[in-house]
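Visitor: I should like to take a close look at a single part of this structure. Please choose one residue and explain its surroundings.

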Amino acid sequence: MVTPREMTPDDAPALQRIYSGASVRDTTGRALTLGEAQDKIRTALARAAKKPCQQ
């Protein structure tokens, strides 16, 4: 079983791998830069802090 954990800015390279190649062909058409991946993670963490998920 896999237990998800909260993302951290150190996960940006993994996020770049996810948002590259065929996975972005029909959306943005380009892969994320490292800075964009870090920004996405920071934004997600800030939103989660404002509105925590209910379990």
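Guide: Let us consider Asp 11, in what is a predicted model. Asp 11 has a relative accessibility of 15%, and because buried means under 20%, this residue counts as buried. Along the chain, Asp 11 belongs to the segment that precedes helix H1, and that helix covers residues 12-18.

The side chain of Asp 11 has a polar partner. One of its polar atoms is 2.8 Å from the backbone nitrogen of Thr 8. If residues up to four places away in sequence are set aside, Asp 11 touches Arg 5, Glu 6 and Ile 41.

The last of these names leads to the nonpolar core. Ile 41 is a member of the largest nonpolar core, together with Ala 12, Leu 15, Leu 32 and Ala 37, which makes five residues in all. Helices H1 and H2 each contribute at least two residues to this core. Another member, Leu 32, is in contact with Leu 15, Gln 16, Tyr 19, Ala 37 and Lys 40, when its neighbours within four places in sequence are left aside.

Helix H2 comprises residues 34-50, and Lys 50 lies in it. Lys 50 has a relative accessible area of 75%, and because exposed means over 50%, this lysine counts as exposed. Its C-alpha atom is separated by 21 Å from that of Asp 10, and these two residues are 40 residues apart along the chain.

To return to the starting point, Asp 11 is buried, whereas Lys 50 is exposed.

Conventions:
Residues numbered from 1 in each chain as written. Predicted model: local features only at pLDDT ≥ 70, side-chain atom pairs only at ≥ 80, totals over all residues. Heavy atoms only, no water. Helix = DSSP H or I, 4+ residues; strand = E, 2+ residues; numbered from the N terminus. Buried < 20%, exposed > 50% of the residue type's maximum accessible area, 1.4 Å probe, protein only. Polar contact = N/O pair within 3.5 Å; in protein donor to acceptor, adjacent residues only side chain to side chain. Contact = heavy atoms within 4.5 Å. Core = buried A, V, L, I, M, F, W, Y, C linked by side-chain atoms within 4.5 Å.
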